[in-house]
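Here are some notes on the structure, set out point by point. They start with the charged pairs and end with a sheet.

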Amino acid sequence: MLVTTLLALVSTSGKLFLAGGGKTPPELVDRFIQHCGGPSALIVVMPLASAEPEKGIGSVKLLEEHGAKNTYFFAKAQPTPADLDELKSKLAVAKGVWMPGGVQSRIVDRLGKGWIDENVRPLLKTGLNFYGTSAGAMVCAEVMITGPGKEPDTAETGPGMGLTSWVVDTHFAQRKREGRLRHALKTTGRDRGVGINEREWLVIQEDEIVEVHGTPTIVDLRPKKDSGRELATAGKARSGRRRLSPISGG
């Protein structure tokens, strides 16, 4: 725990603030703005998971209600090369990216996997922070759950934005998604997954979970010598410390 905390303090890499869907907790909005550098920090709002991104202006209003004064709203359903060039220039100086829910594959389809790999992924290592809820959280994964499979408790998967090796699922307890998360891990050969419940959130930095706010399901199939660490938790649902317990794949 001490080593993980020290790494989080000295690292210059950005953080992923991933929420499980439902209403975004006010403390999460405040925390994200603060971590990005305060009200004047540039935050890029990308409601690209929505069928009609322009209707995602509510995210800008939410940030503004919490004090944000410098947002860039990118809501292009069919972005042109010129649109992407402008987005690239904004991302280069931004401190945060805000991604609300919808259908996660739309984000990758609209920006293009190659464009994301070249223009978005490297920025996490240099300090750009990401907020994602529901689809916006799931798309952060290298292996993204794109939806339910044809059989119960199965998943369809595809390439995500590649910001973390954790496979992420949301609305977890509410939609009984543990089976599909396990299936996604088994069929893709991944050994770490996390299911986040609605109104809960966690923080990932340097590809490790460094904070938990609530009681997400953490599936860690790595050998115990690699996975037996502790992390701080917070929030009304749970306090103190919670050990990451491996759960065998089904």
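1. The side chains of R177 and D169 form a salt bridge, with N and O 3.6 Å apart. Both partners, R177 and D169, are buried. Please keep in mind that this is a predicted model, and that the distances quoted here are computed from it.

2. In total, the structure holds 11 salt bridges. The general background is brief: side chains of opposite charge can pair when their charged atoms come close. The points below take up some of the other pairs.

3. R31 forms a salt bridge with E211, and their closest N and O atoms are 2.4 Å apart. This pair joins distant parts of the chain: R31 belongs to helix α2 (residues 26-36) and E211 to strand β11 (residues 208-213), with the two positions 180 residues apart in numbering.

4. How do R31 and E211 count, as buried or partly exposed? R31 counts as partly exposed because its relative accessibility is 22%. E211 has 17% relative accessibility and therefore counts as buried. The cut-off that matters here is 20%, since buried means under 20% relative accessible area.

5. Another salt bridge brings together the side chains of E142 and R190, at 2.6 Å from N to O. Here too distant parts of the chain are linked, 48 residues apart. E142 lies in the loop between α8 (135-138) and β6 (143-148), while R190 lies in the loop between α9 (178-188) and β9.

6. For E142, the relative accessibility is 28%, so this residue counts as partly exposed. R190, at 26% relative accessibility, also counts as partly exposed.

7. Which residues are linked with D117 in a network of salt bridges? They are K113 and R121.

8. Turning to the strands, there is an open sheet of three strands in the order β8-β9-β12, and the pairing is mixed. The edge strands are β8 (167-170) and β12 (217-220), each of which pairs on one side only. From one strand to the next, the twist averages 10°.

9. Within this sheet, strand β9 (residues 192-196) pairs with β12 in the antiparallel sense, over four bridges. G193 stands opposite V219, a residue of β12.

10. To tie the first point to the sheet: D169, the partner of R177 in the salt bridge, has a number that falls within edge strand β8 (167-170).

Key
Residues are numbered from 1 along each chain as its sequence is written. This is a predicted model: local features need pLDDT of at least 70, side-chain atom pairs count only at pLDDT 80 or more; totals for chains, interfaces and linings use all residues. Side-chain values use heavy atoms; hydrogens and water are left out. Two strands pair if DSSP finds at least two bridges between them. Axes are lines fitted to C-alpha atoms, for helices over the stretch in contact, and angles run from 0 to 180 degrees between N-to-C directions. A salt bridge is a side-chain nitrogen of Lys or Arg within 4 Å of a carboxyl oxygen of Asp or Glu. Buried means under 20% relative accessible area, exposed over 50%, partly exposed in between (1.4 Å probe, protein chains only).
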